[in-house]
Amino acid sequence: MTDGGGTRRWRGVAALRPGRLVIVGQIGTAALHAHHTVQVIVAAEDMVLADRAGERVVCRAAVVPPDVAHAVVRGASHGAVAHLEPESAPGARWAAAVHSRDSARGWTCSAKELQLDALSEWLRDEERVGASAGRRVDGGAVADQRVLDGAAELGSVERATAEQHVLGEASTGQRVCEGASAELGMGEEASAELTISGMLTDEASSFVDWVRSALGSESEAVWLRIGMAGEAVRHPAVAEVLRLLPERISAGPVRLAELARAVHLSESRLAHVFSAELGLPFRPYLRWVRMQRAAELLAAGHSLTEVAHQAGFADSAHLTRVCRSMFGAPPSDFNDLNWNATV
């Protein structure tokens, strides 16, 4: 899809781990599509999103719920996108935060309430100081302070820009969001509860952490040892399953019942402790691990057929179908991404 200046391709760095894909760099355009992940997108400049009904919004941030058709009519030269597994606890919380599920206006208003639009200035600062593929950003405390400083320095003019009006309408972004809240029975009191003066919301802070992980240069397969919350796996059976997965994935179909026998648990008990430890049920976790393996192999220069077989897919067509269902695009659309930052 073009935006008047040609088609933007997706370029930058990518970090993929079970339950989450983060891309930082140039935001490309995308025709109307849907995927099973929750998509959180923040841009350093105006972008244009559209919903199935054809409504277009100019915005700096949006939260698109899973399985909802949307399009990126105009991308941005710099931004960050996160795809979250909706069956995970974090993904479910983000999906529940979206108002007017099928409305582009609802996606942008929800992002504004979560203060994601305040991160636009921070992303722009990061780009100005030389953020690029593979560069590690400042340490945690320093980076967090820069985000807070950037949010605090947003002037009224910049905020007005970040709160863009719907294309073709005269109302400002603020008035549009107030209208959406009123339709849902939300008043100023509810909106105020989501905003803490001088601080970012937990959701905005989480997004900053995701961006930092994507820009990191780590290449170690940390996903073998940690869960969704980043804590070490404690249950010995789950740890053993994670140790066994790489070999089982390349060998063919992976069945929970066989893994349960290998770790001397019943299938139902393993399913329970696996979800409790990793924050994600086994089947979707396995899909994400397969996709991570595929990304690593593609980055190493393997053909799509080789990638599919070594990552445990039936064939390249199967890999493409899974990639489209999860992220709304075939593997070829990610050719310009640097997967060396996979964590």
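A nonpolar core is a set of buried Ala, Val, Leu, Ile, Met, Phe, Trp, Tyr and Cys residues joined through side-chain atoms within 4.5 Å. The legends below begin with such a core, and the model they describe is a predicted one.

**View 1. The largest nonpolar core of the predicted model, with 47 residues.** Among the members of this core, I27, V63, W94, L116 and F207 are the residues that touch the most other members. Two or more residues come from each of the strands β1 (11-17), β2 (20-27), β4 (38-51), β5 (56-64) and β7 (76-84), and also from each of the helices α2 (104-113), α3 (119-128) and α8 (202-215). The greatest contribution is that of β4, which supplies eight residues to this core. In soluble globular proteins, nonpolar side chains tend to be buried together.

**View 2. The surroundings of V63.** When neighbours within four places in sequence are left aside, V63 is in contact with V38, Q39 and V40, with W94 and V98, and with W107, A111, L114 and L116. Apart from the core shown in the first view lies another core, made up of 43 residues, which include A14, A237, A295 and L297.

**View 3. Strand β7 and the two strands β2 and β4 that pair with it.** Of the nine residues of β7, eight are buried, and the strand is therefore largely enclosed by the rest of the structure. Its pairing with β2 is antiparallel and runs over seven bridges, and within this pairing I23 has V81 of β7 as its bridge partner. The pairing of β7 with β4 is also antiparallel and extends over six bridges, with A43 standing opposite G79 of β7. In a regular strand the side chains alternate between the two faces of the sheet.

**View 4. The salt bridge between D117 and K112.** A search of the whole structure finds seven salt bridges, and the one between D117 and K112 has its closest N and O atoms 3.9 Å apart. Both of these residues, D117 and K112, are buried. Side chains of opposite charge can pair when their charged atoms come close.

**View 5. A salt bridge within helix α8, between D209 and R212.** The side chains of D209 and R212 meet at a distance of 2.8 Å, taken from N to O. Both residues belong to helix α8, where they lie three residues apart, or about one turn of the helix. D209 has a relative accessibility of 36% and so counts as partly exposed, whereas R212, at 17% relative accessibility, counts as buried because the limit for that class is under 20%.

**View 6. A salt bridge within helix α9, between R243 and E240.** The closest N and O atoms of R243 and E240 are 2.7 Å apart. Because the two residues are three places apart in helix α9 (residues 236-251), about one helical turn separates them. R243 is exposed, with a relative accessible area of 54%, while E240, with a relative accessible area of 27%, is partly exposed.

**View 7. E87 and its contacts with residues distant in sequence.** E87 is placed in the loop between β7 and α1 (89-96), and its relative accessibility of 42% makes it partly exposed. Although E87 and P281 are 194 residues apart along the chain, their C-alpha atoms are separated by 7.4 Å. Not counting residues up to four places away in sequence, E87 touches H36, G279, L280, P281, P284 and R287.

**View 8. L304 in helix α13.** The helix that holds L304 covers residues 304-310, and L304, at 33% relative accessibility, counts as partly exposed. From L304 to P331 the separation is 27 residues in sequence and 8.5 Å in space, C-alpha to C-alpha. Beyond residues up to four places away in sequence, L304 touches L298, S316, L319, T320 and P331.

**View 9. Confidence of the prediction along the chain.** The mean pLDDT of the protein is 76, and 70% of its residues reach 70 or more. Over residues 1-6 the pLDDT is below 50, and this stretch has twelve contacts in the model beyond near neighbours in sequence. Residues 178-198 likewise have a pLDDT under 50, and for them the model has 18 contacts beyond four places in sequence.

Terms used
Residues are numbered from 1 along each chain as its sequence is written. This is a predicted model: local features need pLDDT of at least 70, side-chain atom pairs count only at pLDDT 80 or more; totals for chains, interfaces and linings use all residues. Side-chain values use heavy atoms; hydrogens and water are left out. Buried means under 20% relative accessible area, exposed over 50%, partly exposed in between (1.4 Å probe, protein chains only). Helices (H or I, at least four residues) and strands (E, at least two) are DSSP runs, numbered from the N terminus. Contact means heavy atoms within 4.5 Å. Two strands pair if DSSP finds at least two bridges between them. A salt bridge is a side-chain nitrogen of Lys or Arg within 4 Å of a carboxyl oxygen of Asp or Glu. pLDDT is the predictor's confidence in each residue, from 0 to 100.
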